[in-house]
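This report covers a few loop residues and their surroundings. The model comes first, then the text.

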Amino acid sequence: MATIEIDEGSGFCFGVVTAIKKAEEELDKSGHLYCLGDIVHNSNEVERLCSKGLETITHDDLRRLHDVKVLLRAHGEPPETYRIARENNIEIIDATCPVVLQLQKRIHATYTGDGTRPQIIIYGKRGHAEVNGLVGQTNGEAIVVEDEKGLDKVDFSRDIALYSQTTKSLQGFKKMVDEISRRKSGEGFKYYDTICRSVANRIPKIKEFAEGHDVILFVCGAKSSNGKILFEECRAVNECSYLISQIEEIDMSVLAGKERIGICGATSTPRWLMNKVKSYIEERLG
């Protein structure tokens, strides 16, 4: 009989846990709460909270709302969001992750500091909620690069300050540092490793977990940047790794004859969903 194991290190990071806790506390009191964007990049968890009264809104919706409460998720927001909230008498329930908040402050300080203002480069996913909040600290002037090709937009004759989206990989950040160092002669380049260690430290552990199983089911939402990184790490050491976001996507044929089945997920994957996947497999394998 197959052994089915859930990775103990998988599941919500503390930033997501805090955001969901704040949302549930307000929902228990009032039964309704607006959230600016999906509270977490997992449709299953979003649907669960929506059933309790959480209503996801866009930035355009925010401009039309007045005299309400709005939750800001862990990804953080640019200064413009807070300005709109003040003008519209919106009470903010701020669930910005402390790691992201600290990064916002560091970038803002670099942008507003005395002397020659360096070009601020953010290694991250263009359009990602966290990255939008970081760019907002520079009045939209920061340059977002997703890979080495994006560096073609940079003026290497100027000073450069490099930061990273908190959920990017350490390996990818190192490549970016090496490439900028290669292109920029002399001094004037400073870089800051701002990757969240609660995310980065999962990589060696999840690789070890993947290596110890015959097949891996990696559970995460389609929008999860962190999930894509962690899944690729699993697949690098175990080619029998499969990415799913819903139970309906499980292909039982890939599990047939496997003795050790592993289930893991991203920092945005709820524990209850991984448990549900395990129960589903147990029922069908008998």
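The paragraphs below take up backbone angles and then one loop side chain.

The model is predicted, so local features need pLDDT of at least 70 and side-chain atom pairs count only at pLDDT 80 or more, while totals for chains, interfaces and linings use all residues. Residues are numbered from 1 along each chain as its sequence is written, and side-chain values use heavy atoms, with hydrogens and water left out.

Most residues other than glycine have a negative phi. Asp 67 is not a glycine, yet its phi is positive, at about 55°. Asn 89, also not a glycine, has a positive phi of about 55°. Helices (H or I, at least four residues) and strands (E, at least two) are DSSP runs, numbered from the N terminus. Buried means under 20% relative accessible area, exposed over 50%, and partly exposed in between (1.4 Å probe, protein chains only).

| Residue | Loop between | Relative accessible area |
|---|---|---|
| Asp 67 | helix H3 (59–64) and strand E4 (69–72) | 57%, exposed |
| Asn 89 | helix H4 (79–87) and strand E5 (91–94) | 53%, exposed |
| Thr 269 | strand E12 (260–265) and helix H11 (271–285) | 0%, buried |

The side chain of Thr 269 makes polar contacts (pairs of N or O atoms within 3.5 Å; within protein, one must be able to donate a hydrogen and the other to accept it, and residues adjacent in sequence count only if both atoms are side-chain atoms). One runs to the backbone oxygen of Val 219 at 2.6 Å. A polar atom of the Thr 269 side chain also lies 2.9 Å from the backbone nitrogen of Ala 266. Neighbours within four places in sequence aside, Thr 269 is in contact (heavy atoms within 4.5 Å) with Gly 11, Phe 12, Asn 42, Val 219, Cys 220 and Met 274.
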